[in-house]
Amino acid sequence: MSNALTIEHDVSLQAFNTFGLAARACHYLRVTGAADLAALGTDARLAGVPRFVLGGGSNVLLTRDVEALVLHMAIGGRAIVGEEGGNVLVRAGAGENWHDFVDYTLGQGLGGLENLSLIPGTVGAAPIQNIGAYGLEIKDVFHSLSVFDLANGAVRTMAAPECRFGYRDSVFKHADGANLVVLDVTFALPRAWQPNLRYAELAQAVLAAGIAAPTPRQVSDTVIAIRRRKLPDPREIGNAGSFFKNPVVPGEQCRALLARFPQLVHHAQPDGSEKLAAGWLIDQCGWKGKNMGAAGVYPKQALVLVNNGGATGAELQALARAIQQDVRERFGVELEPEPVFV
């Protein structure tokens with residue numbers, strides 16, 4: 001298709017998605033910089049070919065082959081780039097492995113990202129999903145990012161307000177951000193670091209370890225231990241981490257549910273709404289450890305769907321829909337998947 005770019009055809013994506021699904025890409029380009037994306041717009045033979053941006057493949061469910069040009073983000077690089085308002089600014093390329101980048105910041109003596117240790121995926125995907133865990137979200141430590149606009153070939157910088165961060169959400173998941181490809185992300189990490197132990201399970205684990213004044217590395221190690229205890233390693237069991245978002249419902253609906261289900265796990269939100277624990281809802285419907293063919297629900301965490309070996313994306317999608325239906329019928333609550341279905 002192009003002499004200037006190394007476009008491959010009929011490429012297996014099995015190694016490029018953490019579910020380990022055997023889908024294929026009609027066309028494939030490994031993107032190592034903005035110049036690769038710019039070159040796409042100058043080749044008439046690529047006109048009209050749909051684009052699909054792929055990072056670490058940890059937030060995607062491939063239900064079929066991808067009839068598009070897969071742009072596999074492999075932009076590397078990480079560096080301290082300055083200071084601002086008591087924060088150290090650290091930048092990483094979109095293709096950098098997220099956990100490796102967290103480890104890099106800890107190695108530089110910088111705290112701020114440790115609560116997000118061991119989350120699969122890439123740096124570029126982190127703000128798209130506004131990833132979060134153990135009392136921290138990307139928006140809390142975000143400074144800015146650079147994007148390439150596939151619509152006009154422009155490169156620009158975006159600050160937090162333009163990214164419209166929400167719960168597992170951002171502008172990049174909506175129509176007006178669909179053409180924006182993240183090139184790199186800059187984080188603002190505090191010089192005057194304090195441990196974020198707002199999440200009860202993390203605080204209890206630190207206390208149980210007898211750590212009175214934890215360092216960023218100790219918090220990271222604790223988070224890693226918790227995640228390894230609860231979640232499967234994608235290298236051993238195909239999965240995409242938490243498959244469903246924790247649903248947010250009006251306070252009145254939560255109170256009505258509590259009247260029927262006193263053990264309902266819920267967390268009050270600043271606006272009066274309540275965030276329910278999706279894993280608890282799924283567990284109450286009897287799905288933990290249950291399989292449908294080669295697709296299943298992880299025995300240790302009902303929020304995680306797994307490929308037990310040879311599952312297809314369609315089978316995992318069918319399992320997800322069955323879970324959604326049961327939760328809807330029992331609790332009147334809609335579960336929204338986190339992964340993008342393709």
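Helices α2 and α6 are roughly antiparallel to each other, since their packing angle is about 155° and angles over 145 degrees count as roughly antiparallel. The model described here is predicted. Besides this helix pair, the briefing covers a sheet with the order β14-β16-β15 and two buried loop residues, glycine 121 and threonine 122.

**Packing of α2 and α6**

- Helix α2 spans residues 98-107 and helix α6 spans residues 216-230, and their axes lie 10 Å apart.
- The two helices, α2 and α6, cross with left-handed geometry.
- On the α2 side, the contact is made by His99, Asp103, Leu106 and Gly107, which meet Pro216, Arg217, Ser220 and Ile224 of α6.
- Sorted by class, the residues in this contact of α2 with α6 comprise 3 nonpolar, 3 polar and 2 charged.

**The sheet of β14, β16 and β15**

- The 3 strands form an open sheet in the order β14-β16-β15, and their pairing is antiparallel.
- Strands β14 (248-249) and β15 (266-268) occupy the edges; each has a single partner strand, so one side of each is left without a neighbour in the sheet.
- Strand β16 covers residues 274-276 and is joined to β14 by 2 bridges, with the two strands running antiparallel.
- Within this pairing, valine 249 has glutamate 274 of β16 as its bridge partner.
- Helix α7 (residues 251-260) packs on the sheet and touches β14, β15 and β16.
- The direction of α7 makes about 50° with that of β16.

**Glycine 121 and threonine 122 in the loop between α2 and α3**

- Glycine 121 is found in the loop that runs between α2 and α3, the latter comprising residues 125-129.
- Threonine 122 is also located in the loop between α2 and α3.
- Glycine 121 has a relative accessibility of 14% and therefore counts as buried, the cut-off being under 20%.
- By the same cut-off of under 20%, threonine 122 counts as buried because its relative accessibility is 9%.
- Although glycine 121 and glycine 56 are 65 residues apart along the chain, their C-alpha atoms are separated by 4.5 Å.
- Apart from residues up to four places away in sequence, glycine 121 touches Gly56, Ser58, Glu96, Asn97 and Trp98.
- Threonine 122, with its neighbours within four places in sequence set aside, is in contact with Gly55, Gly56, Ala94, Gly95, Glu96 and Trp98.
- Gly56, Glu96 and Trp98 appear among the contacts of both glycine 121 and threonine 122.

Terms used
Residues are numbered from 1 along each chain as its sequence is written. This is a predicted model: local features need pLDDT of at least 70, side-chain atom pairs count only at pLDDT 80 or more; totals for chains, interfaces and linings use all residues. Side-chain values use heavy atoms; hydrogens and water are left out. Axes are lines fitted to C-alpha atoms, for helices over the stretch in contact, and angles run from 0 to 180 degrees between N-to-C directions. Helices (H or I, at least four residues) and strands (E, at least two) are DSSP runs, numbered from the N terminus. Angles under 35 degrees count as roughly parallel, over 145 as roughly antiparallel, 65 to 115 as roughly perpendicular and the rest as oblique. A crossing is left-handed if the near helix is turned anticlockwise from the far one by less than a right angle, and right-handed if clockwise. Contact means heavy atoms within 4.5 Å. Ala, Val, Leu, Ile, Met, Phe, Trp, Tyr, Cys and Pro count as nonpolar, Asp, Glu, Lys and Arg as charged, and the others, Gly among them, as polar. Two strands pair if DSSP finds at least two bridges between them. Buried means under 20% relative accessible area, exposed over 50%, partly exposed in between (1.4 Å probe, protein chains only).
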